[in-house]
Structure formats: C-alpha cells, structure tokens
Amino acid sequence: MTTVKNGELLKRLGVDIDAETLQLALTHRSFAYENGPLPHNERLEFLGDSVLGLAVTTELYNRFPDLSEGELAKRRAAVVSERSLAAIARSLDLGPHIRLGRGELLTHGDDKDSILADTMEALFGATFISCGDGCARDLVLRLTGALLDDAFVLGAGRDWKTEIQELAAELDMGDIQYVVTGTGPDHARVFEAQLEISDKVYGVGSGSAKKHAERAAAEAAYRYLTSQEDAPTTRLRADASESA
C-alpha cells in the first residue's frame, strides 16, 4: 500500500526518485528513533535546502535584471520560507506520505508547517541524488513558479499583521481587534479569527493555531482594503495554508 501511495506522490511531483531514496526522504526523525535507530531525512533536507536556494536565486537573478539586491533577497526569502514550502507540500497532499512517530501522529505532525517544509526540502535533495541537478532544478521551479512570478503572491514572506496595522493607521480607521473562536477536540482544534475595526469585519481567517488564523485574517483584510473592487464578504476569507 505504501508503494502505491508513494507512486501517486511521484506522479504529482513529476519525477522518478528511486524507492530507497524516496523512503528516506519521507522518514521523519521521530519515526526513525521509535523504529530503529533508522536513517532519517535530515541529511537529504540539508542537501535539498541548497538545491532549492541555488535554483531560486539563479532564476530570480536571470528573470528580474532590474531588481536590486535587496528586492531579490526579499523574493528569495519568501519563496524558500517555511510557510511557502508548507503550502506547496499541502498542494501535493504530502502529509499522509510522511513516516512519523506515534507522538507526531497524535499531534497531527503531518500538517505541521515545519515538518511539511523540511520534507519538501528532503524531496528536493532526493531528486538531486536520483535524477541529477537539472531535474531537481526543474522540480523546484515548477513548484515555486507562481511565487517567482507574482510579487503579491509572495505574501509568504510578509508580516500581514504589521502591514494591516500600518494600513489601518494610515487610513485613520481606528484600532484593530481580533475575535478568535475555536472548534473541535484539543488534538484537532481549528481556529477562526475575525479582524474587526470599529465593529466592522474586514477579514476572516482560519488555521490550526490562533496566530495562524489571525495572520490569515490580517492578509484577507489587507487584500480587501487594497483592492480596487468592493469585494463581498465571502471574498474576505483566507486559510492559514493559503497564506503560508
């Protein structure tokens, strides 16, 4: 069953990583310590971090010849950020493929930004090992293409709560308040945040932690207030995974 599932993942990735290297890339240290000791994916993660960084840096340098060093650095930081990589991982439905220890499984480690992002880097490293530099670079650019092209999508590297605070002050709107509610059992809690200014809701966001929900609500409000359209309330929602 695992082989079939991993085959589905490879199809989504569009690469051909050998079975042994792929399994290593998907093995978190929590699983390795509980079932071994076994090798785990941190060395591949180390390699993949360099593969990711070089591919993104080179592409940004070539694609945007008029951008300053500072602007290039901001874009690179956004593309390679933990939140950005975790969002890519979720789009690939990577979580169920990661081999985790019991403790991480109980705390939904398969949906933690840190674990998802680290595993994506390990997959980049595994692709480099199995398929070579060109294939690994192509994979990175295929998965990060939207972020590289769209400066606004680069919200993964932006501090939305600070930006909405500054925007509200600039527009003399008043103080921002977050109203947060949580639903579900403690081990699978989902939070929803409403960003309110003068008792009016400007953004709604959800996430697995209060701070993620608030950040998503801040992003939704910022997008709404800077939009030239009078967007309806249904467009004021953002999930933490979308702003990750």
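# Worked exercises on a predicted model

There is a kink of about 55° in α9, centred on L143. The model is predicted, and the exercises below work through its helices, cysteines, rings, loops and core.

## Exercise 1. Helix α9

Task: compare the reach of α9 with its expected span, and list its buried residues.

Solution.
1. Helix α9 covers residues 133–149, which is 17 residues.
2. At 1.5 Å a residue, 24 Å is expected.
3. From first C-alpha to last, the helix reaches 22 Å, close to that expectation.
4. The bend still has to be placed: about 55°, centred on L143.
5. Buried residues of α9 are A136, L139, V140, L141, L143, T144, G145, L147 and L148. The kink centre, L143, is on that list.

## Exercise 2. Helix α8 and the residue after it

Task: check the span of α8, then state the sign of phi at G132.

Solution.
1. Helix α8 has 19 residues, 113–131.
2. At 1.5 Å a residue, these should span 27 Å.
3. The end C-alpha atoms are 26 Å apart, which agrees.
4. G132 follows α8, and its phi is positive, near 100°.

## Exercise 3. C131 and C135

Task: decide whether C131 is bonded or free of any disulfide, and do likewise for C135.

Solution.
1. A disulfide is a covalent bond between the sulfur atoms of two cysteines.
2. The cut-off needed here is a sulfur pair within 2.5 Å.
3. A search of the whole structure finds 0 disulfides.
4. For C131, the nearest cysteine sulfur belongs to C135, 3.9 Å away, and C131 is in no disulfide.
5. For C135, the nearest cysteine sulfur is that of C131, and C135 is in no disulfide either.
6. Now the exposure. C131 is partly exposed at 29% relative accessible area. C135 is partly exposed too, at 24%.

## Exercise 4. A tyrosine pair

Task: classify the ring pair Y202 and Y224 as stacked, edge-to-face or tilted.

Solution.
1. A pair of aromatic rings is described by the distance of the centres and the angle of the planes.
2. Centres must lie within 6.5 Å; planes under 30 degrees apart count as stacked, over 60 as edge-to-face and the rest as tilted.
3. The count comes to 2 aromatic pairs.
4. Y202 and Y224 have ring centres 6.2 Å apart and planes at 50°, so the pair is tilted.
5. Y202 lies in strand β3 (residues 200–207) and Y224 in helix α11 (residues 210–225), so the pair ties together parts that are 22 residues apart in sequence.
6. Y202 is buried, with a relative accessible area of 12%. Y224 counts as buried at 16%.

## Exercise 5. Charges over rings

Task: say which ring R75 lies over, and which ring K161 lies over.

Solution.
1. R75 lies over the face of F64, at 4.6 Å from the ring centre.
2. K161 lies over the face of Y178, at 4.8 Å from the ring centre.

## Exercise 6. Backbone features in loops

Task: locate the cis peptide bond between G36 and P37, and the positive phi values of D172 and S198.

Solution.
1. G36 and P37 are joined by a cis peptide bond, with omega about 20°.
2. P37 is in the loop between α3 (29–34) and α4 (42–63).
3. D172 is not a glycine, yet its phi is positive, near 55°. D172 lies in the loop between α10 (160–170) and β1 (176–183) and is exposed, at 71% relative accessible area.
4. S198 also is not a glycine and has a positive phi of about 55°. S198 sits in the loop between β2 (190–197) and β3 and is exposed at 57%.

## Exercise 7. The nonpolar core

Task: describe the largest nonpolar core and name the helices that supply at least two residues each.

Solution.
1. In soluble globular proteins, nonpolar side chains tend to be buried together.
2. The largest nonpolar core here has 40 residues.
3. L13, L94, M120, L123, F124 and L143 have the most contacts inside it.
4. At least two residues each come from α1 (2–13), α2 (19–25), α4, α5 (69–79), α6 (82–91), α8 and α9.
5. Helix α8 gives the largest share of this core, 8 residues.
6. L143, the centre of the α9 kink, returns here among the residues with the most contacts.

Technical notes: Residues numbered from 1 in each chain as written. Predicted model: local features only at pLDDT ≥ 70, side-chain atom pairs only at ≥ 80, totals over all residues. Heavy atoms only, no water. Helix = DSSP H or I, 4+ residues; strand = E, 2+ residues; numbered from the N terminus. Expected span 1.5 Å × (residues − 1). Bend = angle between axes of the 7 residues up to and from the residue. Buried < 20%, exposed > 50% of the residue type's maximum accessible area, 1.4 Å probe, protein only. Phe/Tyr/Trp six-rings, centres within 6.5 Å; stacked < 30°, edge-to-face > 60°. Lys NZ or Arg CZ within 6 Å of the ring centre and 35° of its normal. Core = buried A, V, L, I, M, F, W, Y, C linked by side-chain atoms within 4.5 Å.
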